[in-house]
Structure formats: structure tokens, C-alpha cells
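Student: Please take one part of this model for a close look, and then follow its neighbours outward until the surroundings make a connected picture. I would like every cut-off to be stated where its term comes up.

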Amino acid sequence: MTSRPAPAAWRAEVLALRDAHRSRSFPPALYVGIPGGLRRGVPADAGLDHGLRADLTAALLARHRLLEDHRPAVAWLCRPGLSSWHDLDAAWLPAVAQAFLEAGEEPGFVVLTRTGWYDPRTGEGRSWKRLRHRSRRPADPGP
């Protein structure tokens, strides 16, 4: 069973992606873990075949389960471009689903870009034109 991360967790991941990659072009990567928490990743090269993508996802999931005492995991693909359907999404989604199902877990898969996130299975997501870190307001000192 997978617990669905809150949209705020995906917003934080998009911000982290923007901070890590200032350029619009960066190498795609697949991560398995908990958004905002422990995760492991691998390069998500377009040249990999389905079997290798599924094996890489299964290895990341097994590592997560070992380190996180079987806490539910989710996979996310970080890639350049827009938050809409892309060839890499089509390549990784079935491989991720296969690896999670073979491990007895419900597949969770989200795509992150510098402009937003979306779940290609449900269409749920969010995009921003000017995503910024939220500033903390100082406490009102009162009278």
C-alpha cells in the first residue's frame, strides 16, 4: 500500500529541483523514496530498455524498503521540459508499475519538472509560472 504524498511535498520537491538545476536543461533522473525524506536515484537515460528500467526501479525500491523499515515509497521522474506527457514518462511509467507490483506494493509515480509536477496516471498536478520559496513572516511583536 502506498500513501499519497501531499501536494505540498511535491511543491517542495519542485523547489529543490529548481535549486539544484538552475539551467533549463539537465539530465533526467528517477527517484524512489519519500518526497522530502530519504530517497535514492539513478540517471533516467532515454536509451535504457524496459527491463533495465524495471530492474533499476526494483533495486531502488528494495533499498528503500531495507532502510525505511518497509514504509511506503513512491517513484518520481525529474526531467526537463513541461509538466505534460512526454516520451520519458511513457518509458518509465510501465517499468515503475512493474517493479512496484512485483514487490507487492501499489505503484506511485509522479513526474517533476522545473515548472511543476503531475501524476500521469490520474492527471492530478500543479504548475507554476513563478515558483518561489515562501518567506516566513516575523512574529507580530504586538503593542
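Tutor: What follows starts from helix α3 and then moves to the elements around it.

The model is a predicted one, in which local features require a pLDDT of at least 70 and side-chain atom pairs count only at pLDDT 80 or more, while totals for chains, interfaces and linings use all residues. Residue numbers start from 1 along each chain as its sequence is written, and side-chain values rest on heavy atoms, with hydrogens and water left out.

To place the helix, the chain has 3 helices and 6 strands, where helices (H or I, at least four residues) and strands (E, at least two) are DSSP runs numbered from the N terminus. From that end, the elements are ordered α-β-β-α-β-α-β-β-β. Helix α3 takes in residues 87-102, 16 residues in total, and spans 24 Å from its first C-alpha to its last, close to the expected 22 Å; the expected span is 1.5 Å times one less than the number of residues in the helix.

The buried residues of α3 are Leu 88, Asp 89, Ala 91, Trp 92, Leu 93, Ala 95, Val 96, Ala 99 and Phe 100, where buried means under 20% relative accessible area, exposed means over 50%, and partly exposed lies in between (1.4 Å probe, protein chains only). Their cover includes β1, β2, α2 (50-67), β3 (74-78), β4 (109-113) and β5 (116-118), a contact being heavy atoms within 4.5 Å. Just after the helix, Gly 104 has a positive phi of about 80°.

The loop between α3 and β4 holds Glu 105, whose salt bridge with Arg 65 has its closest N and O atoms 3.1 Å apart; a salt bridge here is a side-chain nitrogen of Lys or Arg within 4 Å of a carboxyl oxygen of Asp or Glu. The two residues are 40 residues apart, with Arg 65 in helix α2. Glu 105 counts as buried because its relative accessibility is 7%, whereas Arg 65, at 25%, is partly exposed. This is one of 4 salt bridges found by the rule.

Helix α2, part of the cover of α3, also contains His 64, which counts as buried because its relative accessibility is 3%. Leaving aside residues up to four places away in sequence, His 64 touches Val 32, Gly 33, Ile 34, Leu 38, Arg 71, Pro 72 and Ala 73. Of these contacts, Leu 38 sits in the loop between β1 (29-33) and β2 (39-43) and is partly exposed, at 34%. Leu 38 also joins Leu 66 and Leu 67 in a nonpolar surface patch with about 280 Å² of accessible area together. Patches consist of residues with over 30% relative accessible area and no salt bridge, with like charges joined within 9 Å and nonpolar side chains (Val, Leu, Ile, Met, Phe, Trp, Tyr) joined within 5 Å, and the areas come from the Shrake-Rupley method with a 1.4 Å probe, for which only the protein chains shown count as cover of residues.

The strands that cover α3 include β1, β3 and β5, and aromatic rings link these strands to other parts of the chain. Rings of Phe, Tyr and Trp (its six-membered ring) pair if their centres lie within 6.5 Å, and planes under 30 degrees apart count as stacked, over 60 as edge-to-face and the rest as tilted. The count is 3 aromatic pairs. Trp 10 and Trp 117 form a tilted one, because their ring centres are 6.4 Å apart and their planes meet at 35°; Trp 10 belongs to helix α1 (residues 7-20) and Trp 117 to strand β5, 107 residues apart. Both Trp 10 and Trp 117 are buried. Tyr 31 and Trp 76 make a stacked pair, at 6.0 Å between centres and 25° between planes, and this pair connects strand β1 with strand β3 across 45 residues. Tyr 31 is partly exposed at 25%, while Trp 76 is buried at 0%. Ring pairs join Trp 10, Tyr 31, Trp 76 and Trp 117 into a cluster.

Strand β2, also part of the cover, meets helix α1 through a salt bridge between Glu 13 and Arg 39 (2.5 Å, N to O), a link between residues 26 positions apart.
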